[in-house]
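Colleague: I have a file open and would like to go through it with you. Can we start with the sheets and take the rest from there?

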Amino acid sequence: MLEFVERDLKAQAPDLVGGSGFQDVRLTYRIDPLLGNSSRLISGSKLQPSEPPEYSMISERTGFCPFCIDAIDEATFPFPDELIPGGKISLGSSRVVPNILAYSTYSAVGIYDTTRHFLTLKDFDEALLANAFKAMGYHTQMVRRHDPELEFSSINANYLASSGSSLVHPHLQSSNDYVPLTTQRLFLQRCRSYLRGENGETVFDEYVKAANTSGRFIADTGRISWITPFAPIGFNEVWGVFKDNSDIIQLTDYDYDELSAGLSKVFSAYEAANLSAFNFSLQGGGNEGAQLGYRVNFRVVSRSPLQPFYRSDATYFERLGLEAMIDLSPEDWAEQVQLQFH
Ligand SMILES: [Zn+2]
């Protein structure tokens, strides 16, 4: 059985409205049974933006951009022919090119749309996302075929500077390594220590089932269950958990279509909440993943909104305490996202 640890931290704060004395304030502490991280869910604070983002601050192209259609062929290298026959990957207006920053043994950059220098959150529609995911998925498959000793693949994104993105032109990135990311390692550890159910239920199956019965379920689309996590790592976090795939290289065009449809709905919920920046990560479980019950998981969080002199949403809690401080309960957030899926 999965243990969902929750504790009332019994906080008190000055009663500013009442005038004098202290009053009880709801402050909930949770430990996530899958990743092992803890989160504190605060109340009574408005950390999220009250105004929509002002995209015009950055949407105009002011100089050279290596990801725009007029420059990309000169500004990027083709892949080696033994990795990608012909050296180039494109689908619709999307492109995948080698990353010039070597942060993984094999990494690539995907450009959602080379014909549009800037995309607002609303522009990330199902078709745009599906082309980019499929092109990145193809690169991942070719890398894993080229070097079968590579195990750990992920497809990830930063959008806008506050999320860590270094170029304005929206893009996504992949990692393919002999070693797992910390989250891939923790998920696999949890799978390994979990006694599978009578019908072979995995720890991921149980986690999704618990979300279903505790107000954190959003929707089922295709082979993906959309939920909010029990103890989030980031703001407005949503997970897409695949029902029966353990690695990214097993995903089909159908899966990428479903993933893109769901993600575009999550982005609609972000837009409705005046949010803009995000990070996401789609992570596979490597060669042992299938046997251990790992499930391909997609996780997306919002980041500090697009505004001048923004306040970073990563405080000492997150960076040095490895603990998120969240101002909206996963149950309330699931309700808001669910509206977009109907
Ligand atoms: Zn551009």
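Modeller: Strand 1 and strand 4 (residues 28–31) run antiparallel and are joined by four bridges. Bear in mind that this is a predicted model.

Colleague: Which residue is the bridge partner of Glu6 in strand 4?

Modeller: Arg30 is the bridge partner of Glu6 there. Glu6 and Arg30 also belong to one network of salt bridges with shared partners, together with Arg216 and Glu331.

Colleague: What is the strand order of the open sheet of four strands?

Modeller: The order is 1-4-5-16, and the pairing is mixed. Strand 1 (5–8) and strand 16 (323–326) each have a single partner strand, so they form the edges and one side of each has no neighbour in the sheet. On average, neighbouring strands here are turned by 20 degrees against each other, ignoring direction.

Colleague: Is there a side-chain link involving strand 16? Which residues meet in a salt bridge with an N to O distance of 2.7 Å?

Modeller: Those are Glu323 and Arg40. Glu323 sits in strand 16 and Arg40 in strand 5, 283 residues apart, so the pair links distant parts of the chain.

Colleague: Is Glu323 buried or exposed?

Modeller: Buried, because its relative accessible area is 10%, and the cut-off for buried is under 20%. Arg40 has 21% and therefore counts as partly exposed.

Colleague: How many salt bridges does a search of the whole structure find?

Modeller: It finds 18. Another one of them joins the side chains of Arg116 and Asp113, at 2.8 Å from N to O. Arg116 is partly exposed at 32% relative accessible area, while Asp113 is buried at 6%.

Colleague: And within a helix? Where do Glu206 and Lys209 lie?

Modeller: Both are in helix 4 (residues 203–213), three residues apart, which is about one turn of the helix. Their side chains meet in a salt bridge of 3.6 Å, N to O. Glu206 counts as buried at 15% relative accessibility, and Lys209 is partly exposed with 47%.

Colleague: Back to sheets. What is the order in the open sheet of 10 strands?

Modeller: The order is 6-7-8-10-9-14-15-13-12-11, with antiparallel pairing. Strand 6 (89–91) and strand 11 (217–221) are at the edges; each has a single partner strand, so one side of each lacks a neighbour in the sheet. The average turn between neighbouring strands of this sheet is 15 degrees, direction ignored.

Colleague: How many bridges join strand 14 to strand 15?

Modeller: Six, between residues 278–283 of strand 14 and residues 297–302 of strand 15, which run antiparallel. Leu282 stands opposite Phe298 of strand 15.

Colleague: Which strands does helix 2 lie across?

Modeller: Helix 2 (residues 126–146) lies across strand 6, strand 7 (94–98), strand 8 (106–111), strand 9, strand 10, strand 14 and strand 15. Its direction is at about 20 degrees to strand 10. Helix 8 (residues 330–341) lies across strand 11, strand 12 (224–227) and strand 13 (235–242), at about 35 degrees to strand 11.

Colleague: I clicked on Ser174. Which strand is that, and what does Ser174 touch?

Modeller: Ser174 lies in strand 10. Leaving out residues up to four places away in sequence, Ser174 touches Tyr103, Tyr106, Ser107, Ala108, Met136, His139, Ser154, Ile155 and Asn156. Ser174 is buried, with 0% relative accessible area.

Colleague: Now the metal. Which atoms coordinate the zinc ion?

Modeller: The donors are SG of Cys65, SG of Cys68, ND1 of His117 and ND1 of His169, at 2.1 to 2.3 Å. The angles among the four donor atoms are 103 to 121 degrees, and the site is tetrahedral.

Colleague: Remind me of the ideal?

Modeller: For four tetrahedral donors the ideal angle is 109.5 degrees.

Colleague: How are the donor residues spaced in sequence?

Modeller: The spacing is C-x2-C-x48-H-x51-H. Cys68 and His169 link distant parts of the chain, 101 residues apart. Cys68 is in the loop between strand 5 (38–41) and helix 1 (72–75), and His169 is in the loop between strand 9 (152–159) and strand 10 (171–177).

Colleague: Is Cys68 buried or exposed?

Modeller: Cys68 counts as buried at 5% relative accessibility. His169 is buried too, with a relative accessible area of 1%.

How values were computed. Residues numbered from 1 in each chain as written. Predicted model: local features only at pLDDT ≥ 70, side-chain atom pairs only at ≥ 80, totals over all residues. Heavy atoms only, no water. Donors = N, O, S within 2.8 Å, 3.2 Å for Na, K, Ca; no water. Tetrahedral: all angles 85-135°; square planar, octahedral: opposite > 155°, others 65-115°. Helix = DSSP H or I, 4+ residues; strand = E, 2+ residues; numbered from the N terminus. Buried < 20%, exposed > 50% of the residue type's maximum accessible area, 1.4 Å probe, protein only. Pairing = 2+ DSSP bridges. Axes fitted to C-alpha atoms, helices over the stretch in contact; angles between N-to-C directions. Contact = heavy atoms within 4.5 Å. Salt bridge = Lys/Arg side-chain N within 4 Å of Asp/Glu carboxyl O.
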